[in-house]
Amino acid sequence: MNINVYGGTAKGCESLCNSCRFSLCVQGFADSQEMVFCGGVPGAQVPVIIKWPVARCNMHIGNDFISKDQLEKSAVILDGTHNRVTGFKTD
Ligand code: SF4
């Protein structure tokens, strides 16, 4: 008889830290040789060592996250002062 415990211990999942922009993940040649440092803990002066795979974290921000400031810096400002036609070219 199988008993399913919902919300129980997750197995076989990758730690959230591996995809977090706050993390430094260092891995050796053996599976047991792994250290994870978190630089996202509020108020911490130095990175905190994470000792287990993280299933949930409310500070996680993915490596592919682009902030509003980054978007604004890379945006092209179209002010309309040049006499160029903006938009898509139609044939
Ligand atoms: S913020 Fe959370 S998910 Fe990101 S590195 Fe720190 S502990 Fe891991």
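For sorting the ligand shell, Ala, Val, Leu, Ile, Met, Phe, Trp, Tyr, Cys and Pro count as nonpolar, Asp, Glu, Lys and Arg as charged, and the others, Gly among them, as polar. On that basis, the shell around the ligand in this predicted model splits into 9 nonpolar residues, 3 polar ones and no charged ones at all. Going along the sequence, the shell takes in Leu16, Cys17, Cys20, Phe22 and Ser23, then Cys38, Gly40, Ile50 and Val54, and finally Cys57, Met59 and His60.

As for the overall layout, the protein chain has 1 helix and 3 strands, and reading along the sequence gives the pattern β-β-β-α. Not much of the chain is tucked away: buried residues account for 7% of its 91 residues. Turning to sequence separation, if one takes the contacts between residues at least 6 apart in sequence, 40% of them link residues at least 24 apart.

The strands make an open sheet of 3, ordered β1-β2-β3 and paired antiparallel. The edges are held by β1 (23-27) and β3 (48-50); each has a single partner strand, so one side of each goes without a neighbour in the sheet. On average, and ignoring direction, neighbouring strands here are turned by 25 degrees against each other. Between β1 and β2 (residues 34-38), which run antiparallel, there are 5 bridges. In general, it is backbone hydrogen bonds that pair the strands of a sheet, in either a parallel or an antiparallel way.

Cys38 ties several of these threads together. In the sheet, Ser23 sits opposite Cys38 of β2, and both residues also belong to the set around the ligand. Setting aside neighbours within four places in sequence, the contacts of Cys38 are Cys17, Phe22, Ser23, Pro47, Val48 and Ile50. Cys38 is also part of the largest nonpolar core, a group of 5 residues completed by Cys17, Cys20, Val36 and Ile50. Of these core members, Cys17, Cys20, Cys38 and Ile50 turn up in the ligand shell too.

Glu34 is another residue of strand β2. Is it buried, exposed or partly exposed? Glu34 has 14 C-beta neighbours inside 10 Å, and because burial takes 20 or more and exposure 12 or fewer, Glu34 comes out as partly exposed. Not counting residues up to four places away in sequence, Glu34 touches Val26, Gln27 and Gly28. Lys51 lies 17 residues from Glu34 in sequence, with a C-alpha to C-alpha distance of 9.3 Å between the two.

Technical notes. Residues numbered from 1 in each chain as written. Predicted model: local features only at pLDDT ≥ 70, side-chain atom pairs only at ≥ 80, totals over all residues. Near = placed C-beta within 6 Å. Core = buried A, V, L, I, M, F, W, Y, C linked by C-beta atoms within 7 Å. Contact = placed C-beta atoms within 7 Å. Pairing = 2+ DSSP bridges. Helix = DSSP H or I, 4+ residues; strand = E, 2+ residues; numbered from the N terminus. Axes fitted to C-alpha atoms, helices over the stretch in contact; angles between N-to-C directions.
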